[in-house]
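Trainee: Could you take me through the surroundings of the ligand in this structure, slowly and in one connected account? I would also welcome a word on any unusual backbone spots elsewhere.

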Amino acid sequence: MAGEIITIQVGQCGNQVGKQFWSQLCREHGIEFDGQSKVKDDPSMTRTDDPNPFFKQNDRNRYTPRAIMLDLEPSAVQDVQSNFPDFFDNRNVWISPEELGAGNSWSKGYDHGYARQEDFLNMIDKEIDATENFEGFQLIHSVAGGTGSGLGSSLLEAISDRYHKKFLTSYSVFPSDESEVVIQPYNTVLTMKRLAENSDASIVFDNNALLNLTTRVFRDPYTSYLHTNQLISAAMSSITNSIRFPNYMYNSLPSIFSALVPAPELHFLTSSFTPFTSDYVTGGKEFKSNTAYDVLLDLFDTTNFLVTRNTDNPIYFNIYCSLIGQAEQNDILRAISKAQQRLTFAPWSSSSLHVNVGRRSPYLPPHARHTYYNGLMLSNTSAITSLLGGTCKTFDKIFSKGAFLNTFKDGRMFQNGWDEFTESREVVQNVIEEYLAAEQETYLDDVLIEDENMVGHQDMQLDAEGDDII
Ligand code: GTP
């Protein structure tokens, strides 16, 4: 049985994305928004899915998310709770009694998190008590506001300190180019340090790419966070498909991410997804017959990326694709071979594409298309440096002038000056340099990681027939 995963949602963005994620998981597992299983009403249906990694189940066939919701102001959490009456465990909800938010200040968010660290760890401990084979965490947050970034940062430190053997992933939303708030680059760099040092894998999104995608995916001219968050939750649900609809491979966080992370320093991942149909977004594309070949190749199209990339020819280190549908093995092999010709891999990389063929949820409304696929790709590529480099550039501009530092000066991290900024900036620079170094042939000589030691080294392993036989 797959291990349990605890989801921690922090701040407005974290909780709003979480709302879409749980809504998607409910649909995929036949669970009502109050936690009642739809499966019990039909005795002919036995579960072939496994909600257990993400849900606790009680003896009345009711499911409760293994989720913790934290915020410094009530609106986002209350919205989630009113959307899902009696669904979440109230003991796992914390809203600051002051209800003031962090005012976009990392420092305020961090200090609140630090002051409440023991309370949060107790909450997590109790949640872990309700597991049998606890596997790890996924944190959802924005790196730019005060709470998701600051409180999220203190939590990342505390979690990796207390549960350092458990897998810690993050879904981290970067701001758009036109930062709404001038101190966002400070918040982002300070948070990046914690992601670099404490998370095992961070899947990075940015609001530029998300907003561009929403105008194409939704026929609604008024894009909103509801739209961007459905795109993120489509990626999240596909990443975890092989855990929730168990397969013989990729049925744990480490097995998925070890196929992608060749060295601990290189753990910032980008994603793409296509097509966004009504399985994943409201008012999404109609189901049109497609092939696994088309979908796999479309995943490399820059317009399908959920993060901005400023290059048409990125250098890839590792690639993992999750195809949902009854895939044809030949199609997949053809697509892999085509992709390998088209893409540029780092010289030391095995140039392999790890492909998982996942199952579509039986609880989603049936559609008439027999040949139909959705695809997700996670890639580890040096193209991530354009996003990180852009953040550093705006950070340097304001920090070199000592601008907008007032909101930080009372913070516990800044009592002795601004060293924390300089150190965090250095950490981000190191990540960028590591990614650039990894483009070179000699990279592995330095880090001494043998390709054979990477889990999932095979060129491709897939269960195209869905019969558990490769
Ligand atoms: P405070 O408001 O300072 O207490 O912190 P917070 O973490 O609650 O702030 P928030 O999550 O609103 O973070 C601000 C950043 O996140 C900005 O870049 C917003 O554009 C972005 N953001 C806020 N909500 C959402 C959301 O639901 N989806 C997406 N994609 N981005 C969001």
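**The shell around the ligand**

Mentor: In this predicted model, the shell around the ligand draws at least two residues from each of four helices, namely α1 (11–29), α5 (147–162), α7 (207–217) and α8 (225–239). Among these contributors, α1 provides the largest share, with five residues of the shell. There are 24 residues around the ligand, and those that come nearest are Gly11, Cys13, Gly145, Gly146 and Gly148. Sorted by character, the shell holds 14 polar residues, nine nonpolar ones and one that is charged.

As for the backbone, the peptide bond that leads from threonine 274 to proline 275 is cis, its omega lying near -20°, and proline 275 sits in the loop that runs between β9 (268–274) and α11 (292–298).

Two further residues deserve a careful look for their phi angles. Glutamate 99, although not a glycine, has a positive phi of about 55°, and its place is in the loop between β5 (93–95) and α3 (106–115). Glutamate 99 counts as exposed because it has 11 C-beta neighbours inside 10 Å, where the cut-off for exposed is 12 or fewer. Serine 351, which is likewise a residue other than glycine, has a positive phi near 60° and lies in the loop between β11 (344–345) and β12 (353–358). Serine 351 has 18 C-beta neighbours inside 10 Å, and therefore counts as partly exposed.

Methods: Residues numbered from 1 in each chain as written. Predicted model: local features only at pLDDT ≥ 70, side-chain atom pairs only at ≥ 80, totals over all residues. Near = placed C-beta within 6 Å. Nonpolar A, V, L, I, M, F, W, Y, C, P; charged D, E, K, R; others polar. Buried ≥ 20, exposed ≤ 12 C-beta atoms within 10 Å, placed from the backbone.
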